[in-house]
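Take a look at the sequence and the structure below. The text then walks through them step by step.

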Amino acid sequence: MYKSWKTVQPYILALPQTLVFLLFLIFPILMILLVSFWEFNGYTMVPGFTLSNYTDIFTSDVYLRTYLNTFKYVILVWFFCLAIAFPVAYFLAFHIQNQKLQIILFLICTVPFWTSNIIRMISWIPVLGKEGLINSTLMSLNLIQQPIEWLLYSDFAVVLGMVHLFNFFMIAPIFNSLMRIDRNLITAAEDMGASGWQILREIILPLAAPGIAIGSIFIVTLVMGEFVTVRLMGGGQSASVGKLIQTQIGSLQYPLAAANAVVLLIVTLILVSGILRVVDIRKEL
Amino acid sequence: MAKLSRRQLIRTGLAAGAAVAVTRCANNTNQAQAPSGTPNNPATGPEVNTNQVKDVTLRMIGTGVSQINEIRDKAQEDLGFKIDVRALSTEENNQIAITQPGQYDLFDGEYFSLPLVVPSGNLQAIDVSRIKEFDKIVPIFTQNKFDGARVEQAQGTYPYRVMYLREQGSKEFATEPTNWATLIPFQYNADTLGYRPDLIGSTKIESWAQLFDPQFRGKTSILDIPSIGIMDAAMVVEAAGLMKFGDKGNMTKQEIDQITDILKEQKRNGQFRAFWKTFDESVNLMASGEVVLQSMWSPAVTAVKARGIDCIYAPLKEGYRAWGGGVGLSKNLSGIQLDAAYEYLNWMLEGWMGAFLGRQGYYSAIPENARKYMTPAEWDFWYEGKPAAEDMVDPFGKTLEKKGAVRDGGSFKERMGNVVVWNSTMDEQVHLVKKWNEFIAS
C-alpha cells in the first residue's frame, strides 16, 4: 500500500501542471491545427476538411519571400543581440567585483522593460524621423543636406527596434552562464601562461555556450512571431510572418491564418531543435 | 479560430442565463406580448416601468459612439438604464460581432461590415415602425436619394444597399425599403486626402492622382486596412488614368491583380513613406512631417491642427470616399431589454448625440434634430460651410478652428453630395486580402 502510494505520488504532483499544459497549450494548438483544415466562406469559417490553406502557402511566392524576410530579421537581430549582450554580460560577470553593484547594474539592463513595448517603439520616432533628433543634429552641423530617410520606416529601424526590445533576453542567460564559471579555471589558465584571448576562446566561450543557446532560443522564437515592431518601425512597408497572420485574422480568414500559424510553429521548432543539437543546454539546468 | 476561453465561456453562460431570466420575468408580467398602452396591455403605473428599466444593462461593442464616455453618461442619465461600452478597432469589432454573439446587445459598426456580419445571423432586424423619426433620416441611407447629387450613383457598399432585410429573420438584404432595417445610422462622413500646405510647396492638391505624383516621392502614405486602403488606391489609380474599373466597390479578380501590381510598382519606386493602420499613426505621420500627403480621416486632420500644425482636408475633383456608422440589435435581445434598446435607438436620433458628434465634424442621421442642440454659429460652420462666426470648440473644450475659418470642402450638401465611393466589402474579399498581403510583402 505504502509502496504503491510512493510510485503514484510524483504523478499526482505533476498532475496540476499537466492539466494546465493540456488545457492552455496543447488544446489551443490542436484547435489551431483543426481550424487550419477548415474552409472559409468569405465572412466566417466552416468546419470541413480542405488542404487548400496549405497549398496556398506552399505554392505562392509571397509566403516564401515573407519567410525569407523574417529569417533575415532573425539572423540580424540574433547577431546584434549577441554582439551587444556578450560584452555586457562579460563586463558584469568579470569586471564588477562588488556584488551589490553587480545586481544594480544588472537591474539597469531591465530598464527598457519598465514601459510597454509600444511606447518604447514610438519613442524611437522622434529620434529617427526626418525632422528627428539625429537628422536635425546632422543637418545643423552641415554634415548632410537632405535628411537620411532610411533611419526610420526601414529594415534598419525594424532591426534596431527588435534589438532594443529583446537584447535583455540574451544578456540574462549569458550572464547566468558566466557567473557559474569556476574562477579557479581562469586562474589556472593564467598560471599556465594563457593569454586573455586564449582564456576567452578555450574556457569562457565553451562554458558560456549553453547561455548563448538559451538566449538564441528566446531571440529566434520572439522574432519569428513578431509583428508589432515590424509594423511600427517598418512603417507598415515591411513584411513578416506574424504581420501576415495578423492581416489575415483582421479580415476574419481564420483557417488561412491558422495554417500559417502551424507552418510558423513547425519552422520555429526546427530552428530551436537545430540550436539544441549544437549545444547541450542541460548542462545549464 | 474558435476563441473560447474559460472566461468567455462563463461570461456567455451568465449572459445567456440572465437573458433567459429577464425574458421569463418579462413574460410573466404580460409586457412583452403587446406594446405598452394598447388594449391588450394597458400601460402600468409609471413606477413599475422605471423600476424595471433601471435593472436593464445593455452591453455595446463598437468603433464609433462607443468610444466616447460622455455620450454613454448622457444616455444613461436620459434613459435610466445602464449601458456598458467596449471600444474596439474595426477588425476586432467585426470579429466579436461574428464569432461571439453572446458578448453584446448593441452593435455599433460600419455599414461596410454588414455583408460579413449579417450572414452570421447574429443581428436581429430592427422594426422600422418602432423608430419614431425614421422618416426624417437623411435619404442617403433610407432611399439612396440626395437631391440628385452624384452620391446617388456612388459605388461600394453604400448604406442603402445593406440598409434593409427582406423580412424579419432574413439574412438577405432587400433591394427595396422594407420594415426591417439592419442598422440605424448615427454618424458618417466624407473622407479624402489630407496634406501639409507648409511642406507641399506651391502645388495645389486637387486630384486623388497626386498621391502618385513623383514630386512627393517618399512623402505619401495610405491605409493598411485592405477594405479601406483599396478604395483610396482605386480612387488614385482611376484619377491618374492608370486603369478603369467596372465597379470600384466590387472589383473582379483581374482588377484586384492589376491594381496591386500598380501599387507594388509605386512601392518599389519609393513613392510611399509608410502605411498606417490606426488613427494615431496617421496623425503622427502628418504632424511629424514624415508624410506631406496621405489618405486621412476627418478627425485626424483636426487632431493635427489641434497641435498648431496647418493641415488641409482637400476637396478633390473626383469626389469623396465615404463611410457610415450605425447601431444594430443583437439577436439575444428580447422583452424589456429589447424595449430598452429601441429607446436607445430613438434617443440616438433625438439630436443631443448628433450635435455632440457634429462639433467634431461628423454628420448626424437627422441634421435638423442635431441643429436644435447646436448654436447657430456651430451649425453654420459645420453644416452650411460658412465662415466661423466664433471660435469652434469641440465637446472636450479644445478649440478646433479659429473665428473666420471655413470648413474644407464646404457645406454638408457639397461634401456628402460629392461622395463617389463608400468603404466596401467585396465578393472577392479573400483574394483581395491575399493580394494586399503580397503588396505589403513586396
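Chain B has a mean pLDDT of 87. Of its residues, 88% reach 70 or more. This is a predicted model, and pLDDT gives the predictor's confidence in each residue. One stretch of chain B falls lower: over residues 16-33 the pLDDT is below 50. That stretch still has 21 contacts in the model, beyond near neighbours in sequence. For the model, the scores are ipTM 0.75 and pTM 0.79.

Next, the meeting of the two chains. How many residues does each chain bring to the contact? Chain A gives 30 residues, and chain B gives 30 residues. On chain A, several helices take part. At least two residues each come from α1 (2-35), α3 (61-95), α12 (241-250) and α13 (254-278) of chain A. Which of them supplies the largest share of the side of chain A that touches chain B? That is α12(A), with four residues. Sorted by class, the side of chain A that touches chain B holds 13 nonpolar, twelve polar and five charged residues.

Now stay within chain B. Its domain assignment gives domain 1 (6-32 + 46-182 + 323-349) and domain 2 (191-319 + 418-441). The two domains touch. Domain 1 of chain B puts twelve residues into the contact, and domain 2 of chain B puts in 15 residues. On the side of domain 1 of chain B that touches domain 2 of chain B, seven residues are nonpolar, three are polar and two are charged.

Two helix pairs deserve a look. Two packed helices are described by the angle between their axes and the distance between the axes.

Start in chain B, with helix α9 (residues 279-287) and helix α10 (residues 298-306). Their axes come within 9 Å and cross at roughly 45 degrees. α9(B) and α10(B) are therefore oblique to each other. Their crossing is right-handed. From α9(B), the contact uses Phe279(B), Ser282(B), Val283(B), Met286(B) and Ala287(B). From α10(B) come Ala300(B), Ala303(B) and Val304(B). By class, the contact of α9(B) with α10(B) has seven nonpolar residues, one polar and no charged.

Then turn to chain A, where helix α2 (residues 52-59) packs with α13(A). The angle is about 60 degrees, and the axes lie 9 Å apart. Why are α2(A) and α13(A) called oblique to each other? An angle of about 60 degrees is neither under 35, nor over 145, nor from 65 to 115, so α2(A) and α13(A) count as oblique. The crossing of α2(A) and α13(A) is right-handed. On the α2(A) side, Asn53(A), Tyr54(A), Asp56(A) and Ile57(A) make the contact. They meet Pro255(A), Leu256(A), Ala259(A), Asn260(A) and Val263(A) in α13(A). The contact of α2(A) with α13(A) divides into six nonpolar, two polar and one charged residues.

Definitions and conventions. Residues numbered from 1 in each chain as written. Chains lettered and ligands numbered in written order. Predicted model: local features only at pLDDT ≥ 70, side-chain atom pairs only at ≥ 80, totals over all residues. Contact = placed C-beta atoms within 7 Å. Nonpolar A, V, L, I, M, F, W, Y, C, P; charged D, E, K, R; others polar. Domains from an automatic or database assignment. pLDDT = per-residue confidence, 0-100. Axes fitted to C-alpha atoms, helices over the stretch in contact; angles between N-to-C directions. Left-handed = near helix turned anticlockwise from the far one by under 90°.
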